[in-house]
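Me: Hi! I have a protein model open and would like to learn how to read it. Could you take me through it step by step?

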Amino acid sequence: MSKKIVILNGSPRRNGNTSTLVKAFTEGAGSAGHTVTEFFLDRMEIHGCKGCFGGRSSRECPCVQKDDMIQIYAAVRECDVIVMASPLYYWNMSGQLRTAVDRLFALEEGDGNLLRGHDRSCALLMAAEGNGFEDVVQYFDHLMEHLRWKNLGHVLAGGNGDVGDIQGKPEIEQARALGRAV
Ligand SMILES: Cc1cc2nc3c(=O)[nH]c(=O)nc-3n(C[C@H](O)[C@H](O)[C@H](O)COP(=O)(O)O)c2cc1C
């Protein structure tokens, strides 16, 4: 069955190591007949959550803040699979991705929880200079439990500091295989 996949790419480097994983995942998913929509968050206007608990403001944009999250709300509401992709920044996701994840909360508040009310699954793609992924993987796994999304697992590419370091490494094929298998 063809699935709708949304990728939230939290790297600021368009041709960096995270984006290489995203590209391979997208190729794998495309070869299996799935549709992929990627959001390159660094080029979007997405503000931090205000903590107002005011979600429900409208069905198009459930958040009180009217910024580029409106595109992501629409895509996430429709999708079957979400991919969180990010460089490791201080043992966590980048701020670009964490900010977007917080803003998804508005979908939990409106219309009987639009985040949970669908049979969704999610995967994590990450690149880092070192290999300290433990904290962010624990965070991601807790988030999946909370959202009741099926956890499709993680592709964690350590040992990649500079753009291009990831070339030729096995994690690229792991990302491609994950894209095929969703
Ligand atoms: C602000 C910042 C924080 C970082 N923190 C970590 C870290 O905690 N652990 C690590 O191994 N690499 C860290 N790095 C290195 C990046 O994860 C690494 O360069 C990665 O390949 C960047 O991915 P990208 O090419 O997709 O931007 C950090 C880089 C920056 C700019």
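Reply: Happy to! This is a predicted model. Let's start with strand β4: Ser 121, Ala 123, Leu 125 and Ala 127 point one way from it, while Cys 122, Leu 124 and Met 126 point the other way, and all are buried.

Me: How many residues of β4 are buried, and what does that say about its surroundings?

Reply: A residue counts as buried when its relative accessible area is under 20%. In β4, which covers residues 121-127, seven of the seven residues are buried, so the strand is largely enclosed by the rest of the structure.

Me: Which way do the residues of β3 point?

Reply: Val 81, Val 83, Ala 85 and Pro 87 are on one side of β3, with Ile 82, Met 84 and Ser 86 on the other, and all are buried. β3 is mostly covered, with seven of its seven residues buried.

Me: In which sense do β3 and β4 pair, parallel or antiparallel?

Reply: Strand β3 (residues 81-87) pairs with β4 in the parallel sense, over seven bridges. You can follow the pairing on screen: Val 81 has Ser 121 in β4 as its bridge partner, and Ala 85 stands opposite Leu 125 in β4.

Me: What joins β4 to β5?

Reply: Seven bridges join β4 to strand β5 (residues 150-157), and the two run parallel. Look for Ala 123, whose bridge partner in β5 is Gly 153. Adding the helix, β4, α4 and β5 make a right-handed β-α-β unit.

Me: What is the order of the strands in the sheet?

Reply: The sheet is open and has five strands, in the order β2-β1-β3-β4-β5, with parallel pairing. β2 (35-40) and β5 stand at the edges with a single partner strand each, so one side of each has no neighbour in the sheet. From one strand to the next, the twist averages 15 degrees. Further along the order, β1 and β3 run parallel and are joined by five bridges, with Val 6 opposite Ile 82 in β3.

Me: Which strands does helix α1 lie across?

Reply: Helix α1 (residues 17-31) lies across β1 (4-9), β2, β3, β4 and β5, and runs at about 175 degrees to β1. Helix α2 (residues 69-78) lies across β1, β2 and β3, at about 140 degrees to β1.

Me: What describes two packed helices?

Reply: Two numbers do: the angle between their axes and the distance between those axes. Here, helix α3 (residues 95-109) packs with helix α4 (residues 134-147) at an angle of about 10 degrees, and their axes are 13 Å apart. Angles under 35 degrees count as roughly parallel, and α3 and α4 are therefore roughly parallel to each other.

Me: Which residues meet where α3 and α4 pack?

Reply: From α3 come Arg 98, Val 101 and Glu 108, which meet Tyr 139, Leu 143, His 146 and Leu 147 of α4. The residues of this contact divide into four nonpolar, one polar and two charged.

Note on methods:
Residues are numbered from 1 along each chain as its sequence is written. This is a predicted model: local features need pLDDT of at least 70, side-chain atom pairs count only at pLDDT 80 or more; totals for chains, interfaces and linings use all residues. Side-chain values use heavy atoms; hydrogens and water are left out. Axes are lines fitted to C-alpha atoms, for helices over the stretch in contact, and angles run from 0 to 180 degrees between N-to-C directions. Helices (H or I, at least four residues) and strands (E, at least two) are DSSP runs, numbered from the N terminus. Angles under 35 degrees count as roughly parallel, over 145 as roughly antiparallel, 65 to 115 as roughly perpendicular and the rest as oblique. Contact means heavy atoms within 4.5 Å. Ala, Val, Leu, Ile, Met, Phe, Trp, Tyr, Cys and Pro count as nonpolar, Asp, Glu, Lys and Arg as charged, and the others, Gly among them, as polar. Buried means under 20% relative accessible area, exposed over 50%, partly exposed in between (1.4 Å probe, protein chains only). Two strands pair if DSSP finds at least two bridges between them. A crossover is right-handed if, with the strands pointing away from the viewer, the path from the first strand over the helix to the second runs clockwise.
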